[in-house]
Amino acid sequence: MNLDLIIFVVSAIVAIFGASMMIFQRNPIASVLFLILSLVAQAVLYIQLSALFMGAMLIIVYSGAILVLFLFVIMMLNLRAGEDLGAPSSPISKTVKYSISFLMFVELAFIFRGGTGLDSAAVGIMNTSPDNFGSIEQIAELLFTRYLYPFELTSILLLAAIVGAVIIARRDSVEDGSAVIESNEQQAIDEVQN
Amino acid sequence: MVPISAYLIVAVALFGIGVLGVMISRNIIIIMMSVELMLNSANLVLIAFSRVLNVVDGHAIVFLVLTVAAAEAAVGLAMVILLYRNRETINIDRFNILKW
């Protein structure tokens with residue numbers, strides 16, 4: 001057993017365990033925490049593939065920002081484990097769902113095994129990777145040269161997402177312009193003062 | 001040394017779990033997290049292939065995917081809040097007005 005294999009097996013098992021616990025939890029907060037566990041294990045896999053920067057980004061952006069956003073929403077909606085989610089679905093539909101996802105797994109695994117022809121390639125931290133592979137410099141150079149337009153377009157996407165999230169989550173729909181906005185602001189001020 | 005196909009199998013397993021979560025879960029927040037999990041498994045494939053082919057392009061694409069995931073989570077959670085305000089539940093089976 002070499003060290004690479006041990007790290008890989010442990011983090012792969014933790015990633016899959018966290019993901020499968022995530023979908024079977026009834027309590028949404030436990031579900032978010034299991035997803036964070038799975039993401040941290042995936043970050044270890046990234047680092048093993050010499051993607052140090054992307055592994056760090058996965059932890060900072062995903063576990064640090066996006067999943068905290070999920071936690072905030074769960075907290076704001078005050079969801080509990082006892083949320084009424086209706087009767088359990090019938091065994092037939094359950095079987096169908098499980099077999100569909102299993103078939104998808106088998107199919108994708110076949111595609112990757114048969115199509116790549118890369119099985120001989122072995123990777124790991126112990127392998128000598130090319131100089132600075134996956135460093136911030138290399139990624140930034142690509143982002144500002146070959147992927148300049150997609151990179152700049154993400155700023156528009158983020159702006160649209162911010163505006164869209166605010167508009168969607170507003171309390172009242174806008175019917176006649178400024179009056180509604182003013183009453184909203186007044187309401188917000190009142191809520192703060194109370 | 002770990003063969004590259006091992007990483008791909010892990011990514012595929014995570015994708016399968018994400019698909020299962022979207023189908024069996026009734027909680028709309030868990031469904032959104034399953035979608036995030038599927039995005040992440042695609043990221044793992046990109047990272048693995050860019051390691052094997054020795055190009056950093058995969059990392060740049062993963063960076064863009066992370067941005068898209070953040071935007072999607074923000075808008076999706078705003079929609080969850082709106083749905084909860086209208087229906088007082090997050091059970092996906094109750095949001096069936098448009099169901100044929």
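In this predicted model, the count between chain A and chain B is 1 salt bridge. The two side chains that meet in it are those of Arg146(A) and Asp57(B), with an N to O distance of 2.4 Å. Arg146(A) is placed in the loop between α5 and α6 of chain A, and Asp57(B) in helix α3 (residues 57-87) of chain B, so the pair joins two chains. The partners differ in accessibility: Arg146(A) is exposed, its relative accessible area being 57%, whereas Asp57(B), at 15%, is buried. Side chains of opposite charge can pair when their charged atoms come close.

Polar contacts between chain A and chain B were also counted, and 8 residue pairs were found, both residues of each pair having a pLDDT of 80 or more. On the chain A side, at least two residues touching chain B come from each of α1 (3-24), α2 (28-48), α3 (52-77), α4 (91-116), β1 (122-123), α5 (136-144) and α6 (148-168). Of these elements, α3(A) gives the most, with 13 residues. By residue class, the side of chain A that touches chain B divides into 60 nonpolar, 19 polar and 9 charged residues.

The extent of the interface was then considered. Contacts join 88 residues of chain A to 71 residues of chain B. The size of an interface is often given as the accessible area lost when the parts come together. For chain A and chain B, about 7,400 Å² is buried between them, and 79% of this area lies on carbon and sulfur atoms.

Chain A itself contains 7 helices and 1 strand. Read from the N terminus, its elements follow the order α-α-α-α-β-α-α-α. Chain A has 194 residues, of which 31% count as buried. Among contacts in chain A with a separation of 6 or more, 57% are between residues 24 or more positions apart. One residue of helix α1 of chain A is Ser20(A). Ser20(A) has a relative accessibility of 23% and therefore counts as partly exposed, since the buried class lies under 20%. Its C-alpha atom is separated by 9.0 Å from that of Leu35(A), and the two residues are 15 residues apart along the chain.

In chain B, two helices were examined for length and burial. Helix α1(B) consists of 21 residues and reaches 31 Å from its first C-alpha to its last, close to the 30 Å expected at 1.5 Å a residue. Of the 21 residues of α1(B), 16 are buried, so this helix is largely enclosed by the rest of the structure. Helix α2 of chain B (residues 28-52) has 25 residues, and its first and last C-alpha atoms are 37 Å apart, close to an expected 36 Å. This helix too is largely enclosed by the rest of the structure, because 20 of the 25 residues of α2(B) are buried.

Both ends of α2(B) were inspected. At the N-terminal end, Asn27(B) acts as a cap, with a side-chain oxygen 3.1 Å from the backbone nitrogen of Ile29(B). After the helix comes Asn54(B), which has a positive phi, near 65 degrees. Within helix α2 of chain B lies Asn40(B). Asn40(B) has 0% relative accessibility and so counts as buried. Apart from its neighbours within four places in sequence, Asn40(B) is in contact with Leu39(A), Gln42(A), Tyr46(A), Leu58(A) and Tyr62(A).

Over all chains, the count comes to 2 salt bridges. Besides the pair formed by Arg146(A) and Asp57(B), the side chains of Asp93(B) and Arg26(B) meet in a salt bridge, at 2.7 Å from N to O. This pair links distant parts of the chain, 67 residues apart: Asp93(B) is in the segment after α3 of chain B, while Arg26(B) is in the loop between α1 (4-24) and α2 of chain B. Asp93(B) counts as partly exposed, with 43% relative accessibility. Arg26(B) is buried, its relative accessible area of 19% falling under the 20% cut-off.

Notes
Residues numbered from 1 in each chain as written. Chains lettered and ligands numbered in written order. Predicted model: local features only at pLDDT ≥ 70, side-chain atom pairs only at ≥ 80, totals over all residues. Heavy atoms only, no water. Contact = heavy atoms within 4.5 Å. Buried area = accessible area lost by both parts, 1.4 Å probe. Salt bridge = Lys/Arg side-chain N within 4 Å of Asp/Glu carboxyl O. Polar contact = N/O pair within 3.5 Å; in protein donor to acceptor, adjacent residues only side chain to side chain. Helix = DSSP H or I, 4+ residues; strand = E, 2+ residues; numbered from the N terminus. Nonpolar A, V, L, I, M, F, W, Y, C, P; charged D, E, K, R; others polar. Expected span 1.5 Å × (residues − 1). Buried < 20%, exposed > 50% of the residue type's maximum accessible area, 1.4 Å probe, protein only.
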